[in-house]
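Here is a short set of exercises to work through with the model open beside you. Try each task yourself before you read its solution.

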Amino acid sequence: MKPSLSKPIRCRRCQQCWTVDLARLGKPEQVLYRSHERLRLEVFRLVCPFCGNVEMLEVTFEEGRDA
């Protein structure tokens, strides 16, 4: 079993930090393709557990697949 891949997040509103387990994110809100870099980005909508602010997290396809 692979260890979970966590990513630290800092809320822009309240400046609190928390971590997100990339393996548990589920379906992305949006998928972006950057053709000049041949890069696939998955965008997830996260809600700060401290103040309720919405943050968007961009994860490269390789990061998400490793999780």
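**Exercise 1. Work out how the first two strands are arranged.**

Step 1. Strand S1 (residues 6–10) and S2 pair in the antiparallel sense, over five bridges. Strands here are DSSP runs of E with at least two residues, helices are runs of H or I with at least four residues, and both are numbered from the N terminus. Two strands pair if DSSP finds at least two bridges between them.

Before going on, a word on the ground rules: this is a predicted model, in which local features need pLDDT of at least 70 and side-chain atom pairs count only at pLDDT 80 or more, while totals for chains, interfaces and linings use all residues. Residues are numbered from 1 along each chain as its sequence is written, and side-chain values use heavy atoms, with hydrogens and water left out.

Step 2. To fix the register, find Ser6, which stands opposite Asp21 in S2.

Step 3. Now look at the connection: S1 and S2 form a hairpin with six residues between them. In its turn, Gln15 has a positive phi of about 65°, although Gln15 is not a glycine. Gln15 is partly exposed because its relative accessible area is 43%, and the class runs between the cut-offs for buried (under 20%) and exposed (over 50%), with a 1.4 Å probe and protein chains only.

Step 4. Gln16 lies in the loop between S1 and S2 and counts as partly exposed because its relative accessibility is 37%. Leaving aside neighbours within four places in sequence, Gln16 is in contact with Ile9, Arg10, Cys11 and Phe50, where contact means heavy atoms within 4.5 Å. The C-alpha atoms of Gln16 and Cys48 are separated by 8.4 Å, with these positions 32 residues apart along the chain.

**Exercise 2. Place the hairpin in the overall fold, then find a second one.**

Step 1. Reading along the sequence gives the pattern β-β-β-β-β-α, that is, one helix and five strands.

Step 2. The second hairpin is that of S3 and S4, with four residues between the strands, and there Arg38 takes a positive phi near 50°. Strand S3 (residues 30–34) runs antiparallel to S4 and is joined to it by five bridges. One bridge to look for sets Leu32 against its partner in S4, Leu41.

**Exercise 3. Which residues make up the largest nonpolar core?**

Step 1. Start with S2 (residues 17–21): Trp18 and Val20 form its covered face, and Cys17, Thr19 and Asp21 the uncovered one. In a regular strand the side chains alternate between the two faces of the sheet.

Step 2. Collect the members. The core has ten residues in all: Ile9, Cys11, Trp18, Val20, Leu22, Phe44, Leu46, Cys48, Leu57 and Val59. A nonpolar core is a set of buried Ala, Val, Leu, Ile, Met, Phe, Trp, Tyr and Cys residues joined through side-chain atoms within 4.5 Å.

Step 3. Assign them to elements: S2, S4 and S5 are those that give two or more residues to this core.

Step 4. Follow one member outward. Beyond its neighbours within four places in sequence, Leu46 is in contact with Ile9, Val20, Leu25, Asn53, Val54, Glu55 and Leu57.

**Exercise 4. Describe the surroundings of Asn53: is it buried or exposed?**

Step 1. Locate Asn53 in the loop between strand S4 (39–47) and strand S5 (54–60).

Step 2. Asn53 counts as buried because its relative accessibility is 15%.

Step 3. List the side-chain polar contacts, meaning pairs of N or O atoms within 3.5 Å; within protein, one must be able to donate a hydrogen and the other to accept it, and residues adjacent in sequence count only if both atoms are side-chain atoms. Asn53 has such a contact with Glu55 at 2.9 Å and another with Arg13 at 3.4 Å.

Step 4. Add the wider contacts. Not counting residues up to four places away in sequence, Asn53 touches Cys11, Arg12, Arg13, Leu46, Val47 and Cys48.

**Exercise 5. How many disulfides does the structure hold?**

Step 1. The count is zero, taking a disulfide as a pair of cysteine sulfur atoms within 2.5 Å.

Step 2. For Cys17, the nearest cysteine sulfur is that of Cys14, 8.8 Å away. Cys17 is partly exposed, with a relative accessible area of 44%.

Step 3. For Cys48, the nearest cysteine sulfur is also that of Cys14, 3.8 Å away. Cys48 counts as buried, at 3% relative accessibility.
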